[in-house]
Amino acid sequence: MSLTGSDPTHGEVVVTALGETCFYCDQPTSDPAITWHGATGAIWFHPACAVELCIRLNRDVLEWECRANARLVPKPTPINNRRTP
Ligand SMILES: [Zn+2]
């Protein structure tokens, strides 16, 4: 995952989203944006669209777990159950 736009530590644009299209809403992107590079290429998001997609992905995972009566990932250990060294 990369954020696009100016690098605040150097003031230069490292990666730009200009000329790209949002994977979620299919509208042109501008900086700042979010880009992910996967096995088949890169996808681009408006920041708000990345949030909307994450919400829906998490909902789909929960629905799958409920229907399968199984967990896709191990249940995390609650903080108050951790052992202290
Ligand atoms: Zn979008």
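The legends below describe close-up views of a predicted model.

**View 1. The whole protein, read from its beginning to its end.** The predicted model contains 1 helix and 5 strands, and along the sequence these elements follow the pattern β-β-β-β-β-α. Of the 85 residues in the protein, 12% are buried. When contacts between residues at least 6 apart in sequence are considered, 28% of them join residues that are at least 24 apart.

**View 2. Confidence along the model.** The mean pLDDT of the protein is 85, and 81% of its residues reach 70 or more. Among the elements, strand β5, made of residues 41–45, has the highest mean pLDDT, at 95, whereas strand β2, made of residues 5–7, has the lowest, at 70. As a general caution for reading such views, predicted coordinates should not be read in detail where pLDDT is low.

**View 3. The open sheet of 3 strands.** The strands of this sheet are arranged in the order β1-β4-β5, and their pairing is antiparallel. The edge strands are β1 (2–3) and β5, each of which pairs on one side only. In general, the strands of a sheet pair through backbone hydrogen bonds, and they may do so in a parallel or an antiparallel way.

**View 4. Where β1 meets β4.** Strand β4 covers residues 34–38, and it pairs with β1 in the antiparallel sense over 2 bridges. Looking at the individual residues, L3 stands opposite I34 of β4, while S2 stands opposite T35 of β4.

**View 5. The hairpin from β4 to β5.** A hairpin of 2 residues joins β4 to β5, and these two strands pair in the antiparallel sense over 5 bridges. The residue I34, which has L3 opposite to it, also has a bridge partner in β5, namely F45.

**View 6. Helix α1 and its length.** Helix α1 is formed by the 22 residues 47–68, and at 1.5 Å a residue it should span 32 Å; because its end C-alpha atoms are 32 Å apart, the expected and the computed values agree. The helix is hardly covered, since the count of buried residues among its 22 residues is 1. After α1 comes N69, whose phi is positive, near 50 degrees.

**View 7. The sheet and the helix together.** With β1 and β4 paired in the antiparallel sense over 2 bridges, helix α1 packs on the sheet and touches both β4 and β5. The direction of α1 makes about 105 degrees with that of β5.

Notes: Residues numbered from 1 in each chain as written. Predicted model: local features only at pLDDT ≥ 70, side-chain atom pairs only at ≥ 80, totals over all residues. Helix = DSSP H or I, 4+ residues; strand = E, 2+ residues; numbered from the N terminus. Expected span 1.5 Å × (residues − 1). Buried ≥ 20, exposed ≤ 12 C-beta atoms within 10 Å, placed from the backbone. pLDDT = per-residue confidence, 0-100. Contact = placed C-beta atoms within 7 Å. Pairing = 2+ DSSP bridges. Axes fitted to C-alpha atoms, helices over the stretch in contact; angles between N-to-C directions.
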